[in-house]
Structures are given as structure tokens and as C-alpha cells.
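Trainee: Can we go through this structure side chain by side chain? I would like the reasoning along with each result.

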Amino acid sequence: MPEVSTKPYLLRAIYEWCTDNGYTPHIAVVVDGRTRVPMQFVKNGEIVLNISFEATSGLKMENDNIHFSARFGGVSRDILVPVENVIAIYARENGQGMAFEAPAPAKAEEAQQAAEQESVTPVLSSVPVSEPEKKPAEGGDKGDDDPEPPKKGGRPVLTRIK
């Protein structure tokens, strides 16, 4: 029997520590073909998800996958994250938590190709915006669909150092 990674156990432990201390647990995830998240919130191939009890429904942190339902823009979405794609879990309020190695790009690519071949349900993906279309949006109205990162001096943020 193959040995199970310690990562899912550490994720569950940090999650429990966060909730026991009144903190809001967040996970940072590398998005690939096996990850099911709203693509409009993915930045640089990564997404940060609030996995607190208040933000999720039916959260299950298994050895292979983390899955739950959450609302994005008022619409309930089913989220599926492979445990190996989680690169950090931390408390939003103080940034304390644990970071993990990102999955190897070649391995992520192979997994994406396998998921595309095995998948029978359509996968949503974002369409890249051409350069001329980006510039007017940057200077114009910033809506709720494109939240800005917290400013310095605000909430602590996790910084990943490679």
C-alpha cells in the first residue's frame, strides 16, 4: 500500500487551529485542469479561497481533494481542489500558517491533459484579454469583479518566497 502524504493531515490541522482560535482559514491554490474554481478570480495561475465555516457549505478535506460549495458574486459554485495543488494554508487575520512546494509544472501539465481527456463535463476557462482592451479598464471603474489586494498596513498577507 503506497504511503499517504502528510500534506492533507497538515492542512486539516492548520484549518482546525484557525477555527479554534477564531481566525479565517484561507488556502492558496495553483490552478490546473483538475482544479474546479471560478476562472474569473484566478490571477497568475493561482487563486486564494476562504474555506471558513461561514464561507463554505459541505467542506470536505480528504486525502486527495478538498471540495465544497461557496458563493462567488451571489452564485453558488462547487469547488474542487486537488490537495497537491494547495501551496499554502494560513489565517487571514495574522498570516500565520504553512506553505508547501508548488506542483512541478510538467506534472501539472500532464494532469491537465489527462483531465481534459477524461472529463465529460465542460471546463470553464477565462479568455485572455488583448492588450488594448486591458488599458481602459485599468484606469476606469473598478468593480467588485476585480478586487484589489489589501494595501500596506492593512491585513497581513502571506508572501511566498521561492
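Mentor: Start with the core, and keep in mind that this is a predicted model. The largest nonpolar core has 25 residues, and Leu11, Ile27, Val37, Leu49, Ile66, Val81 and Ile89 touch the most other members.

Trainee: Which helix and strands each supply at least two residues of this core?

Mentor: Nonpolar side chains in soluble globular proteins tend to be buried together. Here the elements that each give at least two residues to the core are helix H1 (7–20) and the strands E1 (25–30), E2 (46–50), E4 (65–72), E5 (75–82) and E6 (86–91).

Trainee: Which residues does Ile89 touch, not counting residues up to four places away in sequence?

Mentor: Ile89 is one of the core residues that touch the most other members. With residues up to four places away in sequence left out, its contacts are Leu11, Ile14, Tyr15, His26, Ile27, Ile51, Gly97, Met98 and Phe100.

Trainee: How many residues are in the other core?

Mentor: That core lies apart from the largest one. Among its members are Ala28, Val30, Ala88 and Tyr90, and its residues number five.

Trainee: What is the bridge partner of Ile66 in E5?

Mentor: E4 and E5 pair in the antiparallel sense, over eight bridges. Ile66 falls within E4 (65–72). Across in E5, its bridge partner is Val81.

Trainee: Which residue takes a positive phi in the hairpin of E4 and E5?

Mentor: This hairpin has two residues between the strands. The positive phi there is near 60°, and the residue that takes it is Gly73.

Trainee: And what is the phi of Asn44, a residue other than glycine?

Mentor: Most residues other than glycine have a negative phi. Asn44 is found in the loop between E1 and E2, and Asn44 counts as exposed because its relative accessible area is 81%. Its phi is positive, near 55°.

Trainee: How many aromatic pairs are there, and what is the angle between the planes of Trp17 and Tyr23?

Mentor: The count comes to two aromatic pairs. A pair of rings is described by the distance of the centres and the angle of the planes. Trp17 and Tyr23 are 5.4 Å apart centre to centre and form a tilted pair, with an angle of 50°.

Trainee: Are Trp17 and Tyr23 exposed, partly exposed or buried?

Mentor: Buried needs under 20% relative accessible area and exposed over 50%. Trp17 has 31% and Tyr23 has 27%. So Trp17 is partly exposed, and Tyr23 is likewise partly exposed.

Trainee: How many residues apart in sequence are the parts that Phe41 and Phe72 tie together?

Mentor: Phe41 and Phe72 form a tilted pair, 5.4 Å centre to centre and with 40° between the planes. Phe41 is partly exposed at 24%, whereas Phe72 is buried at 16%. Phe41 lies in the loop between E1 and E2 and Phe72 in strand E4, so the parts tied together are 31 residues apart.

Trainee: Which residue's ring does Arg12 lie over?

Mentor: The distance from the ring centre is 4.6 Å. Arg12 lies over the face of Tyr9.

Trainee: Which residues are linked in a network of salt bridges?

Mentor: There are three salt bridges by count. Arg34 forms one with Asp32, at 3.4 Å between the closest N and O atoms, and one with Glu84, at 2.9 Å. The network therefore links parts 50 residues apart in sequence, with Arg34 in the loop between E1 and E2 and Glu84 in the loop between E5 and E6. Its members are Asp32, Arg34 and Glu84.

Trainee: Is Asp32 buried or exposed?

Mentor: The cut-off for buried is under 20% relative accessible area. Arg34 has 22% and is partly exposed, and Glu84 has 32% and is partly exposed as well. Asp32 has 8%, so Asp32 is buried.

Trainee: What is the N to O distance in the salt bridge of Arg92 and Glu93?

Mentor: Arg92 is partly exposed at 28%, and Glu93 is partly exposed at 31%. Their side chains meet at an N to O distance of 3.6 Å.

Trainee: How far apart in space are Thr6 and Asn63, C-alpha to C-alpha?

Mentor: Thr6 is placed in the segment before H1 and counts as exposed, at 55% relative accessibility. In sequence, Thr6 and Asn63 are 57 residues apart. In space, the C-alpha to C-alpha distance between Thr6 and Asn63 is 8.9 Å.

Key
Residues are numbered from 1 along each chain as its sequence is written. This is a predicted model: local features need pLDDT of at least 70, side-chain atom pairs count only at pLDDT 80 or more; totals for chains, interfaces and linings use all residues. Side-chain values use heavy atoms; hydrogens and water are left out. A nonpolar core is a set of buried Ala, Val, Leu, Ile, Met, Phe, Trp, Tyr and Cys residues joined through side-chain atoms within 4.5 Å. Buried means under 20% relative accessible area, exposed over 50%, partly exposed in between (1.4 Å probe, protein chains only). Helices (H or I, at least four residues) and strands (E, at least two) are DSSP runs, numbered from the N terminus. Contact means heavy atoms within 4.5 Å. Rings of Phe, Tyr and Trp (its six-membered ring) pair if their centres lie within 6.5 Å; planes under 30 degrees apart count as stacked, over 60 as edge-to-face and the rest as tilted. A charge sits over a ring if NZ of Lys or CZ of Arg is within 6 Å of the ring centre and within 35 degrees of the ring normal. Two strands pair if DSSP finds at least two bridges between them. A salt bridge is a side-chain nitrogen of Lys or Arg within 4 Å of a carboxyl oxygen of Asp or Glu.
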